[in-house]
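Let's take a walk through this model, one piece of packing at a time. Keep the structure open beside you as you read.

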Amino acid sequence: MKTIYIKVSAIITIISITTVNLYAQNNLQRIDSLVNDLYKNTELSGNILVASKGQVVYKSSHGYADVAGKILNSDSSAFQLASVSKTFTAVAILQLKEKGRLKLDDAVIKYLSDFPFNNITIRHLLSHTSGLTDFQVFEGPHRTDTNKIFSNADIIPAIKNDKQAMLFKPGEKWSYSNIGFGLLAMIVEKISGMPFQNYLAKYIFKLANMNHTYITTPLLVIADKNRTKNYDFLSYEPSRLKRVDSMPKYKIPYIILRGTMGNGNIISTTEDMLRFDQTLYSSKLLKPSTLKEAFTPTKLNDGKYALWGRKNTSAYYGLGWMILCDSTHGKIVFHSGGMPGAVTVFLRNITNNQTVIVLDNVLHRGVIATGVNIMYLLNEERIHPDKISIAKIYAIALFEKGPDYAAMRFNELKTDTAHYFMNEDELNELALHMLFDGHHTEALEGLKLNTILYPDSWNVYDSYAEALAMVGKKEEAIVMYKKSIKMNPDNGGGKNALKRLEAK
């Protein structure tokens, strides 16, 4: 085995090649270049592993597992999988099906007697075609304890209490439902007589030698020194990470709604996920025929396939797995995950026995597309990375180095339309974020630029007026509000703001 060590941004990337000619060297270099560019542009932080026939051909670690402790991500770092966890719930249900303990077309009410709908089946839950809503069932006037952490035991009572719990008839459409996978975990517990976390540990993690994988929730705390912390960042200051558990806006999704199992909350490493991947090729977990069924697109009542669509990653949905529509280089099944402070993707090319695992402990929303692009590069496919936002680069430059440097960066990039794009709404939003965070000078510069770039938009003058008023520049704000209202007489918010200013 040839092992190559490449120094990347003070972090060691390890590339292992089983034979010199297994892959053209430039394919791995292209993957490495993509990964490093994303890290350099603060669009990636975490661990990446690429394998062929079970052998690691590329892996890298980037960023911090713990910023305060100055602990870098490494091979041993354990990440929140988010919705990639659903693949394990699917395996558990399909194992019980193989043992004759359930049938996929059984009604859920057969196993959960207090479930209020008799026409929803296990298959509907597995394929997200049940018609059930998502976590919205935990909202509404019936919720009196705003600090309550919801668990699986709260799902059925919440469904009963919500008149809008059913969005459509089962099988009619595809709609993602986390509570549906919570119900599946409850079915596993009911049939097996074991807590869900114990079932997974015995019948999946142990069989796959996944020694660093487990479930944890705010109600089931597991100590693990290798577990990464979860972070987000200000859009104009991506280099400064903030713990999501310290951010009030994430209290509900990160704490209140994170007590459930079956839909997420599995912690794992890239090495353990590779073991899971390879064990699926054996018959230790499921028969090949069962996996084939899981990897078959679900048909809706009208005969159309259940489709999950995102830019460059359109996929069908099977039973707990997504199936990439593009099969040019083989059948690719996968699952993605996203939550505050974690974005993940686990891809398997089951035709070529190739694996791509990307686990990120920062809320970088492009991780899923990154995983797909790595799979394409692995198969010598040319990729077309998304254009980069000039508004984002400008805002970061403005915040970090001031208006003159930001203007230079803007003018440097604005003519390169092949690689960069400018967006009025994005610059407006970034500048307003700075405004409300107290960075008034920078906000005014950004909003002023927007009025120059988009002089025919009433909204840019309205936003600029709001900022001017906030910093006490009354006369200038009045002029901008009047211009905005003249362009859009229906701008009620602007009219009210103008009255208040003129009254003063």
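At what angle do helix 13 (residues 424-436) and helix 14 (residues 440-453) pack, and how far apart are their axes? Keep in mind that this is a predicted model. The angle comes out at about 160°, and the axes of helix 13 and helix 14 lie 7 Å apart. Angles over 145 degrees count as roughly antiparallel, so helix 13 is roughly antiparallel to helix 14. As for handedness, helix 13 and helix 14 make a left-handed crossing.

Now zoom in on who touches whom. On the helix 13 side, the contact is made by Glu424, Leu427, Asn428, Ala431, Leu432, Met434 and Leu435. Helix 14 answers with His440, Glu442, Ala443, Gly446, Leu447, Leu449, Asn450 and Leu453. Sort the residues of this contact by class and you get 9 nonpolar, 4 polar and 2 charged.

Next, move along the chain to helix 15 (residues 458-470) and helix 16 (residues 474-487). Here the packing angle is about 160°, with 8 Å between the axes. That makes helix 15 roughly antiparallel to helix 16, and the crossing of helix 15 and helix 16 is left-handed. From helix 15, the contact draws on Trp458, Tyr461, Asp462, Tyr464, Ala465, Glu466, Leu468 and Ala469. From helix 16 come Glu476, Ala477, Met480, Tyr481, Lys483, Ser484 and Met487. The class count for the contact of helix 15 with helix 16 is 10 nonpolar, 1 polar and 4 charged residues.

Stay with helix 16 for a moment, since it also packs on helix 17 (residues 492-503). What angle do helix 16 and helix 17 make? It is about 150°, and their axes are 10 Å apart. Helix 16 and helix 17 are therefore roughly antiparallel to each other, and their crossing is left-handed. Helix 16 brings Lys474, Ala477, Ile478, Tyr481, Lys482 and Ile485 to this contact, while helix 17 brings Gly494, Lys495, Ala497, Leu498, Leu501 and Glu502. By class, the contact of helix 16 with helix 17 has 7 nonpolar, 1 polar and 4 charged residues. Look at Ala477 and Tyr481 of helix 16: they take part in the contact with helix 15, and they also turn up in the contact with helix 17.

Leave the helices and turn to the empty space. The second largest pocket holds about 580 Å³. Its lining is made of 27 residues, and those nearest its centre are Ser83, Asn178, Gly338, Met339 and Pro340. Which element gives the largest share of that lining? That would be strand 15 (residues 332-339), with 4 residues. The lining of the second largest pocket splits into 14 nonpolar, 10 polar and 3 charged residues.

Finally, what about enclosed space? There is 1 cavity of 30 Å³ or more, and the largest cavity has about 30 Å³ of space. Lining the largest cavity are Asn47, Ile48, Lys59, Ser60, Ser61, Asp75, Thr270 and Glu271. Strand 3 (46-52), strand 4 (55-62) and helix 8 (270-279) each supply at least two residues of this lining, and strand 4 gives the most, with 3 residues. By class, the lining of the largest cavity has 1 nonpolar, 4 polar and 3 charged residues.

Terms used. Residues are numbered from 1 along each chain as its sequence is written. This is a predicted model: local features need pLDDT of at least 70, side-chain atom pairs count only at pLDDT 80 or more; totals for chains, interfaces and linings use all residues. Side-chain values use heavy atoms; hydrogens and water are left out. Axes are lines fitted to C-alpha atoms, for helices over the stretch in contact, and angles run from 0 to 180 degrees between N-to-C directions. Angles under 35 degrees count as roughly parallel, over 145 as roughly antiparallel, 65 to 115 as roughly perpendicular and the rest as oblique. A crossing is left-handed if the near helix is turned anticlockwise from the far one by less than a right angle, and right-handed if clockwise. Contact means heavy atoms within 4.5 Å. Ala, Val, Leu, Ile, Met, Phe, Trp, Tyr, Cys and Pro count as nonpolar, Asp, Glu, Lys and Arg as charged, and the others, Gly among them, as polar. On a 1 Å grid over the protein atoms alone, a cavity is a set of points where a 1.4 Å probe fits but cannot get out, and a pocket is an open set with protein on both sides within 12 Å along at least five of seven lines; lining residues have an atom within 4 Å of a point. Grid points are joined across faces, edges and corners, and a volume is the space filled by probe spheres set on the points.
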